[in-house]
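Colleague: Could you take a close look at one residue for me and tell me how it sits in its surroundings? Keep it simple, I'm still new to this.

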Amino acid sequence: MLSHTALWIRLLLAIVIAFVISFAATPIAKSFAINVGAIDVPGEARRVHDHPIPRMGGLAIFIGFLISVVLFVDISRQVRGILLGTVIMVIVGIIDDIVSLRAWQKFLVQIVAAVVAVLHGVVIQVIANPNVFRPVEGVNLGFLAVPLTILWIVGITNSVNLIDGLDGLACGVSTIASLTMFVVALLVSEVNVALILAALMGACLGFIPYNFNPAKIFMGDTGALLLGYVLSTVSVIGMFKFYAVVTFVVPIMALAVPLCDTLFAFFRRLLHGQNPMRPDRGHFHHRLIDMGLSQKQAVAILYSVSAVLGLYAVVITAAGRLRIWLLALAIVIAVVVGIFITRTLRAHDHHHHHPDKQAPGGSSEDHDAKA
């Protein structure tokens, strides 16, 4: 077992190395994307950018993440399964960023990658008992374990993919989700899981400076599939293995923004008699933009909501005095975020006759033609 100091040095190094490699690799990924024709061209109503922008920045996130994991993480059978699945996801993402695959083709590959993880022992065996009146803390899933795990992995992967619609949104929300699960993994002494999340966080942070509005590069499906897959599989090995209700709630809270957005999109399309797999312009981020908010404001609101929910997930995992401090902090942040959102929306209501024009060079990623 690592000493406290050695552990923190290792965690910090995992973050820093992933950050440096991802940051340095992004311009290389950008020229590669331009050379192979992986360019996002505006032209559909749901796309918010106004000029062609290279995609496939996820390649830089992947390289930073992979090198950091190989250097610092104990490669167990489960971790090997996750890395193999990640490679599959990145390959299909690269192909899709160049030639645009059909939704069902990507869906099949996502199932294959999920099965690869499951075969390596990444399985949700137990979930917390939702009935608080029963003394049983956990429910053993039995034969449902494998299909539910595959559903979870494919569902989360797609949900991160679907919110990839504004500059910096999916990458930032994934960073907040990684940070949330990273803190919880440390609180429940899951060191190896914390190291994987540290590598993911660092790699995302290295890419974000290029991806903020106006974005110089998009992460494309290469990045969105990678982030969704890693977050979903790591949550299985790090959070779902305990009986406590807490661990069931944590990944759901950490990923609440993309999860809710996907569920709403799915049911909204069904209710309107549309194919639930067909993209539309009804996601949370589209609605905020349609209210007259700028991209930066819309992204700030969704970051804030993710951060408050993430902090809440940490609060319910913590114990003793730490929990009280965190709860107080969560309440303060929630109030500040509430005021910020209300004021922003009110200001735009006031100026709705003169909505902000998108600044020249304003851009956005939206690869919503996904399952």
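Modeller: Let's start with Met181, bearing in mind that this is a predicted model. Met181 has a relative accessible area of 0%, and buried means under 20%, so Met181 counts as buried. You'll find Met181 in helix α6, which runs over residues 169-187.

Who's around it? If we skip the neighbours within four places in sequence, Met181 is in contact with Leu197, Leu231, Ser235, Met239, Val250, Pro251 and Ala254. There's also a long jump along the chain to look at: Ala313 is 132 residues apart from Met181, yet their C-alpha atoms are separated by 8.5 Å.

Now zoom out to the inside of the model. The largest nonpolar core has 102 residues, and Ile61, Phe65, Trp152, Ile196 and Met219 are those with the most contacts inside it. Helix α7, residues 191-211, gives the most to this core, with 15 residues. Take Phe65: again leaving out neighbours within four places in sequence, Phe65 touches Leu83, Ile196, Ala199, Leu200, Ala203, Leu226 and Val230. As a general rule, nonpolar side chains tend to be buried together in soluble globular proteins.

For contrast, hop over to the surface. Phe32, Val36, Val87, Ile91, Ile95, Ile98 and Val99 make up a nonpolar patch there, with about 530 Å² of accessible area together. Helices α1 (4-36) and α3 (77-99) each give two or more residues to the patch, and α3 gives the most, with five. One of the patch residues is Ile91, in helix α3. Its relative accessible area is 49%, so Ile91 is partly exposed.

Methods:
Residues numbered from 1 in each chain as written. Predicted model: local features only at pLDDT ≥ 70, side-chain atom pairs only at ≥ 80, totals over all residues. Heavy atoms only, no water. Helix = DSSP H or I, 4+ residues; strand = E, 2+ residues; numbered from the N terminus. Buried < 20%, exposed > 50% of the residue type's maximum accessible area, 1.4 Å probe, protein only. Contact = heavy atoms within 4.5 Å. Patch = residues over 30% accessible without salt bridge, like charges linked within 9 Å, V, L, I, M, F, W, Y side chains within 5 Å. Areas by Shrake-Rupley, 256 points an atom, 1.4 Å probe, with all protein chains shown as cover. Salt bridge = Lys/Arg side-chain N within 4 Å of Asp/Glu carboxyl O. Core = buried A, V, L, I, M, F, W, Y, C linked by side-chain atoms within 4.5 Å.
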